[in-house]
Every structure is written in C-alpha cells, then in structure tokens.
Number of protein chains: 2
Amino acid sequence: MTRFEPNLRIPGPTALPPSVREAGGRQMVNHRGEEFKALLLRVSEGMKPFFGTQHDVIMLTCAGTGALEAAIVNTLSPGDAVLAVPIGAFGDRFAKIAEVYGAEVTRLDVEWGQAAVPAAVRAAAAEIPGLKAVLLTHNETSTGVTNDIPALAAAVRDAAPDALILVDAISALGAVPFAMDAWGLDLVVTGSQKAWMSAPGMAMAAVGPRAWAAGETATMPRFYLDLKRHRDTAAAGETPWTPAVAVMYQVDEGLRLMQAEGEGVFARHAAAQAMTRAGLRALGFELLAADDVASKTVTAAWIPDGLDWKAFNGSLKRQGLVLAGGQGKLKGKIFRLGHLGSVTTDDILAAIGALEVAALEQGLDVQPGAAVAAAQRALIEATTRVAVPA
Amino acid sequence: MTRFEPNLRIPGPTALPPSVREAGGRQMVNHRGEEFKALLLRVSEGMKPFFGTQHDVIMLTCAGTGALEAAIVNTLSPGDAVLAVPIGAFGDRFAKIAEVYGAEVTRLDVEWGQAAVPAAVRAAAAEIPGLKAVLLTHNETSTGVTNDIPALAAAVRDAAPDALILVDAISALGAVPFAMDAWGLDLVVTGSQKAWMSAPGMAMAAVGPRAWAAGETATMPRFYLDLKRHRDTAAAGETPWTPAVAVMYQVDEGLRLMQAEGEGVFARHAAAQAMTRAGLRALGFELLAADDVASKTVTAAWIPDGLDWKAFNGSLKRQGLVLAGGQGKLKGKIFRLGHLGSVTTDDILAAIGALEVAALEQGLDVQPGAAVAAAQRALIEATTRVAVPA
C-alpha cells in the first residue's frame, strides 16, 4: 500500500509544489549582494496584497512563534496593559509570550472551538484602563476556527481607540482575503510553511505606522527579533542577520504561483474546506467548529467515543494519509485535517476516500463511497472548480 | 566571461554541494512524526563529535545571531556582571546583546585583527566581583582571527572559577578540531550556513551542565529562544515550534559528507587557508591577521592605498568570484575571502587566479602566474592533498 509521496494533510508544514521544491535546492548567493537585494524586495512587495497593506512587510528568519514574539516585544513595555483573546492553543501562546515579557495580561478566554464575540471583546477592552494592545488570532490552528477580524477590530477601536491590534494570521493569510489596512490592524504575522507552500523557517510581519510609533517607546528587550533593525537594513536590500536564503527562494516561487492563480487561490481553499466538512460529516464525525466560524485552512473533528484512534490512524498512515492530532487540552480528543497551501481538490477526495477505507476497516457504520460522494457534491456546489496551478 | 555557478568565496552562506542542494529540495514531512524524530536525533547526535561534547546539542530555527542571544538570555539575569572580549564586529554584537538584556558588561576590547591575550583576560576577569559569564569568540568572521579558546578558557577558570564561558563558534566549528568539554566551555553555538555546507536558517547550541544550572535562576525573558523548552521537547523527538525542516535535511546531509571525509575536513580547510594566504601575499596584499592567529575559514586582507576597489572587484565579479567586504569600522578598508564548508583546493586556485587577472587588469605590479604558483606550492607543502568528498 506504498504511496510514493504522502498526502500530507497537516496544517503546516504544507506539501511543496514541484517548482517550490526546485527552488529549495538552489545554490546560495551572497546575502549582501544584488541578487539577494532583488529577491528581498520582490518577496516583501509580493506579500503586501495578501496582507492587504501598503505598509512594511518584514522578513524574519524564525518560526511563526518568533514572529508572535516580535509583535509583542517591538511594541510593548513591561507593565503595559494587554487584552488577550485566546480561542485555542496558539492564542494561549500569544498571551504567554506577553506575560513572559512582563505585560499585564487580561485574558478573555473563549471556549476552544468557538470564535471570539465582538461585543464581549468591546466590553473587556472598555474595562481595562490604559489598554495598550489587544492580541487577536485570525485563524486558530488548534481548533479550526476563524475569527471575524474586521468585526473584532472595530469593537476594539470603539472601546479603546488607542490600543494596538496585533494579529496572529499565521495559518490562513494568503488562503483567504485579508485587509490589514482597511480593518485598522497594526501588526499582522504569518509564516512560510502555511499558505505560502514553502518550507518552515521564515515568518513575515506587516507593521503599520501606529506599531512603528509604539516601538519608539517600547522597552521590552529585543535584538534578534528587532523589527526596526530589519526595516533599516531592508532599505538597503539586506537583512540584519543572515536570512534563511533557501526558504526565501521558496516563498518567492510560492508567491509566483499564487499570483498566477489569482482569486483562484481563495476559491480553491473554500472548495477544499467544503469538501472536507461534507466528507467528514458523511463519515459520522462531529466537527469542532460551527459552519459560520469554520476555518478555510484546517478542520478539526472530535474522535468519537469507542473509536480506537491508534488503529484508525494506523490505517490512514498505511494509505499515505498524514493527519494532525489535538494540541493542549484537546490532545487525544480531536484530529485535524489541513487543507491549505498547495492543497488541491483531488488531495481532499483522496483523503476522504482513505478515511472511508479506515472507517470500513474499523467497522464503523458507513456506506462505502458515501463520504467521497458527499465531498464530490460539495466540490460541484462550490462555484469554482480549481485545477492544479500551472 | 559567464561562469555558470559563481565561486562563492564569502564566509557564509557557503556553497552547497550537489547532494546538499538535493536535500534542500525534498518534500516536507510531519514535524511531529517519526521521520522527523529520527532526523532531529541523528543531526543533534551527529553534531556532538564536532563540538567535542557529550552534552545536549539544541537545534534552533534562527540565524547565528539568534543563537548568541539564546546563549545570553538562557543563562543570565539583568544586572549580572559579564566580561565581553570583542575582537571584531561579531564579538561586539555578542556584547551588545548582553547589554540590551540588561547585563552589566565590562568590555576588554582587543584591536581588530588581533587575538585576545589569555593573561589580559585573566586579569580582567579577576577584577570583576561576582563575574557571572565571559563572552568569547572562537573565530571572528569580520577579521579572520581565531582565538586560542582553550588558553582563554583556562585563564577564565583560573581567575573566576564560577563564571560561565559562552562561546561564539559560529564560523569555524566543524572546520577545525574543537573540544568543548575538555576545554571546560559551558555553551557553544554555531550556524548551518558555515562549515555544515547548508543554507542558513538553523543554529545549534551545545549546552553543558553549568549552563543548564544557571538557566534555573536566570531571569532574562525568553520564549522563542528558550533552550529548556527545546531540550524538553527534544526528548520526545520534537522542537517546541515548527523547525526549518529543509535546512535540517541539508545539515543532515552535510554531516554525512563530513563524517565520510573524517579528519580530511580539517586538512582541507588548513590547505585552503595556506593557499589563500600564500596567493594573496604573492599578489602584494597585506593580511589583517598574523600567521599564528589566522583563521582556517576566512582570510581578510587590507585594500591597498590607491587601489580602485570598485573596479578591481568588478573584474572579480565578471570572472565569477564573489568576495565579502569589511564590516563595522573595517568597511571599505578590507576584503575577505571565505574558505570554509564545501571549499576545495581547486576553488582556491581559481580564486587566486581570478585575483591575479584582476590585479593585472588594474595595472598592479604582479608577475603573471606567480600568485597561483604560490598557492600551488602551499598546497603541495600541506601534508594532505584533499579531493572533493564523494
């Protein structure tokens, strides 16, 4: 039952398209030379439409977590009042980073699997004197829930006009429309191994004027993740420290593919999500996120009582399907299927088909072919049929 | 005069051997799965003989500068007395990081181009009450000077037995013999893009028991670069945040090549250094570092008065030879030729030949062929002749 390349359906790292793989194997260049200068400029400019920003996009050599840390330490001082709105494990991490660096963090905890409610955020923000920043998650990778960022941002602005809005958009930016400037966001981060179809190792931070201004007085210590140092050297086409050159080659190629596909990128992710949800439901799985807050990039489902997950997942692995488990308090309780980056509709048909085989092997009460048929119907209902990008 | 792949003679990123390039183009895997677990274990174990340590080697997703920051923030508290011994731009950076995080840093500045003197380090360390750590540079990339680390470490131990010894070994580790445990070093860092023949994006930190113990009480804030979190997850074959998987594939392959070459790695670097110095001297260049402290991985030479460097370097570029300029206060005054990682003796012959052509073009008083002949003699004098690794 060998599959020569697994169906890597985790929410990042995402599978690399052939031309991105080729880019990752390119020879090094001088990172203080003209070729790199052009590359850095092209990638940071190419990112801007996906962020929906005219402001600076800074390229960092780190994981997404490093970019979350950069968002905190470049804008805040110890003792600053911060409102965190964790809706899952990554929102929790964002809050923890602020705590570690000495912010006074108030948590508006939301049940995992739910989205944040704008009215609750407005009320919480209004109650915190001198609120300096609000930490929001765009797409919570651990639960497959997407927040309504424009509504949440409007609520924050309403209650606390001077508070910075810092957004973790790591796992959906690029896969869904996003409008940082129009929504009034101050700092937004993402990572190379998500929608950008590249290996992990680079994170990108879009920084607006209010965040830069806050940085002028922010006293949290920073050096490696200092955004201003990155901005200053970017003006000369360089990074302050040696960048992950090969990952940047890949992001450059990933962006080229995305630019060629245009709006089709968003339609493809929407179709993959609809197919995944229809297929999993037809198999009898209960999904963690309600339809109106469901992520376009990752879907989480409860592991039913009585299902031997290890045996079930063993069958999936033998068929070449790689899923992710739960994180934090959801460990052992859910599984997650990633449908972002290079995902195509046939990847999802194959994944649902493999899940169906595993369900039959484990004696679950399913009709052979029904789940794949449900995914097929969802694909046909999706307005756009999407082919593999050229 | 096209050259289809430049002779990339900068001190990192170093040119990637073909099999390392191939590794960089591999498909992603689940970074929470069995394949990655085996990879992480193999790479961190494979690093140990090059560090000369039995202790933990931690894999970080960052540039070398991030690892320098990790060395500081994981072992120290604000207000701690630190002795920095900068001998160039990177030693200066190491000191600055400690300052940014609130250490009380005493600098024992050494003239750029010189090595640190053990007796001076001993005297400086003895004068600082409650000295917590000494920051040393193994190989100063900006000047091409290698410190006598065992002698400096012994001097520190003599004057301040409880002080931690933190070592930036980024740009020579792997290219020269090193013995962290025997020399009594507490924390040593390196980076993927140097001797390891890989793309930038990962840094490695070897952490001894005294450094771990210091970490228990160290209060400098840290999250992304928290070494203990990395150690704890490494026990389960994972990294705490998504790692630079493709760079780790490359380091794995680079290590395989180095293990196959064995002691030849060190001989090859020694030969490349001797050839470079002989060739540059035959061209009339004055070298920054004296022979007894000269780096085995990078050679810096003064730009002579009257030489039009831009025209000279333009000739080198047209011939495909890429050199590095000076950094910090040496900017515009020196050039640097890197001979580390995948460097072979024919790379150096080609580089010296190209320099000779440029010198002739610029009307310098050189004898055609004399510099290449000097490099050839240096190669023949080197005890081992080294072939391209299989």
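Copies of a chain are superposed by least squares on the C-alpha atoms of residues with pLDDT of at least 70 in both. In this predicted model, such a superposition lays chain B on chain A with an RMSD of 0.0 Å, by a turn of 180 degrees and a shift of 0.0 Å along the axis. The two copies are thus related as by a two-fold rotation axis. Within chain B, the residue that comes closest to this rotation axis is Gly25(B), whose C-alpha lies at 2.2 Å.

The contact between the copies involves 43 residues from chain B and 43 residues from chain A. On the side of chain B that touches chain A, at least two residues each are supplied by helix 1 (18–24), helix 3 (64–73), helix 4 (89–100) and helix 10 (245–261) of chain B. Helix 3 of chain B provides the largest share, 4 residues. By class, this side of chain B comprises 23 nonpolar, 16 polar and 4 charged residues. Because 100% of the interface residues of chain B are also interface residues in chain A, the copies meet through the same surface.

Within chain A, the axes of helix 3 (residues 64–73) and helix 4 (residues 89–100) come within 9 Å and cross at roughly 45 degrees. Angles from 65 to 115 degrees count as roughly perpendicular and those under 35 degrees as roughly parallel, so helix 3 of chain A is oblique to helix 4 of chain A. The crossing of these two helices of chain A is right-handed. Helix 3 of chain A contributes Thr65(A), Leu68(A), Glu69(A) and Ile72(A) to the contact, while helix 4 of chain A contributes Arg93(A), Phe94(A), Ile97(A) and Ala98(A). This contact contains 5 nonpolar, 1 polar and 2 charged residues.

Notes. Residues are numbered from 1 along each chain as its sequence is written. Chains are lettered from A and ligands numbered from 1 in the order in which they are written. This is a predicted model: local features need pLDDT of at least 70, side-chain atom pairs count only at pLDDT 80 or more; totals for chains, interfaces and linings use all residues. Two residues are in contact if their C-beta atoms, placed from the backbone, lie within 7 Å. Ala, Val, Leu, Ile, Met, Phe, Trp, Tyr, Cys and Pro count as nonpolar, Asp, Glu, Lys and Arg as charged, and the others, Gly among them, as polar. Axes are lines fitted to C-alpha atoms, for helices over the stretch in contact, and angles run from 0 to 180 degrees between N-to-C directions. Angles under 35 degrees count as roughly parallel, over 145 as roughly antiparallel, 65 to 115 as roughly perpendicular and the rest as oblique. A crossing is left-handed if the near helix is turned anticlockwise from the far one by less than a right angle, and right-handed if clockwise.
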